[in-house]
Amino acid sequence: MPLSAEPLQPLPRHQFASDNYAGICPESWRAMERANVGHARAYGEDAWTLRASELLREIFEHDCDVYFTFNGTAANSLALAALCQSYHSIICHELAHVETDECGGPEFFSNGTKLLLASGKDGRIQPSEIRRIVHRRKDLHYPVPKVVTVTQATELGTVYSPTELVDISSEARACGLKVHMDGARFANAVASLGATPAELTWKAGIDVLCFGGTKNGMAVGEAILFFDRSLSEEFKYRCKQAGQLASKMRFLAAPWVGLLESGAWLNNARHANNMAERLEGRLKKLPGISFIAPRQANSVFVDLPEQVAAGLRARGWVFYTFIGAGGARFMCSWDTTTEDVDHLADDLTSLLGSL
Ligand SMILES: *Cc1c(COP(=O)(O)O)cnc(C)c1O
């Protein structure tokens, strides 16, 4: 990192690059402050960790086994590794974060378990893909599929309905597979679908959930929920070995308490979804923009003419074009304002108008 004599400045405006560009939400920040009093036991044996785990069990209506990691790559990688041997395989969507954005983490932490790619529209796995991939080979030379992983909300900003999840998990069960959910934006899916966390997980056949806190408004932290407790045997050792056991665990746990007790986890997600809906509404009126996937959570994916994308960047907008199936992704977060959305939409309108 370069040394700088400049004062530390934020970006000049709220951006739509990712929900991890946003800061820490007030509920999370205040809980960190409340936790920052006196001494507490280390490595998760403190009252905050206990409370956060209890709250998650309440919200999910399940006596699940809960762990906290620093980030989503580790949560996914370690949870998947717990479900497989190295000679097994994991079925994921071809655009899944575990495949495209974790630098081989799941394969590394499982000592080589192979990811097998499934297709499906709008970022969702087509359920029949599971059977096809499992049955296409039965010989000794093929890594035996053991897990299906789904992302909720998906990498294209769509969601799986409870019925769609049941379709996936039924196929998986019939083939003897476990089901893992990458829920980096799980809260956005809950807000979008109006279903309960239970209906979107264990009641739909999900065995393990990686529940994202960072993109929801925390500084760092994801929770891993094992609904099938037999799968988390020795999981704590995996976390420790991978450098994911926080010694001052209370500061990973306290923000969960702040978000869950206040309901901010759902309010933040709902707000981000609403902002994306507003953006979608504005962009729908513009000729020259086509949507890549239906907007169902907090992001909008569009195809932009090259000049327009360049024009946005020249006006100071930061956004990604390498995610999912290409095109531009505009992601809203807990602190996106209507003014932010309108500012972006106004710039897009003027750039398209001057083509
Ligand atoms: C952000 C994200 C993760 C977690 O990424 P980290 O940067 O490792 O925290 C996992 N899955 C999806 C779909 C994501 O968008």
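Reader: Why is Ser232 called buried?

Author: This is a predicted model, and in it Ser232 has a relative accessible area of 4%. Buried means under 20%, so Ser232 counts as buried. Ser232 sits in the loop between β7 (222-226) and α9 (235-241).

Reader: What makes the link between Arg229 and Ser232 a polar contact?

Author: A polar atom of the Ser232 side chain is 2.9 Å from the backbone oxygen of Arg229. The cut-off is within 3.5 Å, so that pair is inside it.

Reader: And Pro12, buried or exposed? How do you know?

Author: Exposed. Its relative accessible area is 75%, and the label needs over 50%, so Pro12 gets it. Pro12 belongs to the segment before α1 (26-35). The C-alpha atoms of Pro12 and Ala118 are 40 Å apart, with the two positions 106 residues apart along the chain.

Reader: What makes β6 a covered strand?

Author: Count its residues: in strand β6 (residues 208-212), five of five are buried. That holds on both faces, with Val208, Cys210 and Gly212 on one side and Leu209 and Phe211 on the other. In a regular strand the side chains alternate between the two faces of the sheet.

Reader: How do you know that β5 and β6 pair?

Author: Two strands pair if there are at least two bridges between them. Strand β5 (residues 178-183) and β6 have four bridges, in the parallel sense, so they qualify. One of the bridge partners is easy to look up: Gly183 goes with Phe211 in β6.

Reader: Why are β8 and β10 said to stand at the edges of their sheet?

Author: That sheet is open, with three strands in the order β8-β9-β10 and antiparallel pairing. β8 (290-291) and β10 (328-331) each have a single partner strand, so each has one side without a neighbour in the sheet. Strand β9 (residues 299-303) is joined to β10 by four bridges, and Val302 has Ala328 as its bridge partner in β10.

Reader: Which residues are around the ligand?

Author: They are Asn71, Gly72, Thr73, Asn76, His97, Glu102, Thr151, Glu155, Asp182, Ala184, Arg185 and Lys215. By class, that shell has one nonpolar, six polar and five charged residues. Helix α3 (residues 72-82) supplies the largest share, three residues.

Reader: What makes His97, Asp182 and Lys215 polar contacts of the ligand?

Author: Each has an N or O pair within 3.5 Å. For Asp182, a polar side-chain atom is 2.6 Å from a ligand nitrogen. For Lys215, a polar side-chain atom is 2.7 Å from a ligand oxygen. For His97, an N or O atom of the side chain is 3.4 Å from a ligand nitrogen. The ligand taken alone exposes 390 Å², and the protein buries 82% of that.

Reader: Zooming out, how do you know that the radius of gyration agrees with a compact globule?

Author: For 355 residues, a compact globule would come out near 20 Å; the chain has 21 Å, so the two agree. The C-alpha trace spans about 60 × 60 × 40 Å along its principal axes. Secondary structure adds up to 13 helices and 10 strands.

Reader: And how many of the residues count as buried?

Author: Of the 355 residues in the chain, 52% do, with Ser232 at 4% relative accessible area as one example of the label.

Notes: Residues numbered from 1 in each chain as written. Predicted model: local features only at pLDDT ≥ 70, side-chain atom pairs only at ≥ 80, totals over all residues. Heavy atoms only, no water. Near = heavy atom within 4 Å. Polar contact = N/O pair within 3.5 Å; in protein donor to acceptor, adjacent residues only side chain to side chain. Areas by Shrake-Rupley, 256 points an atom, 1.4 Å probe, with all protein chains shown as cover. Helix = DSSP H or I, 4+ residues; strand = E, 2+ residues; numbered from the N terminus. Nonpolar A, V, L, I, M, F, W, Y, C, P; charged D, E, K, R; others polar. Rg over C-alpha atoms; globule rule 2.2 N^0.38 Å. Buried < 20%, exposed > 50% of the residue type's maximum accessible area, 1.4 Å probe, protein only.
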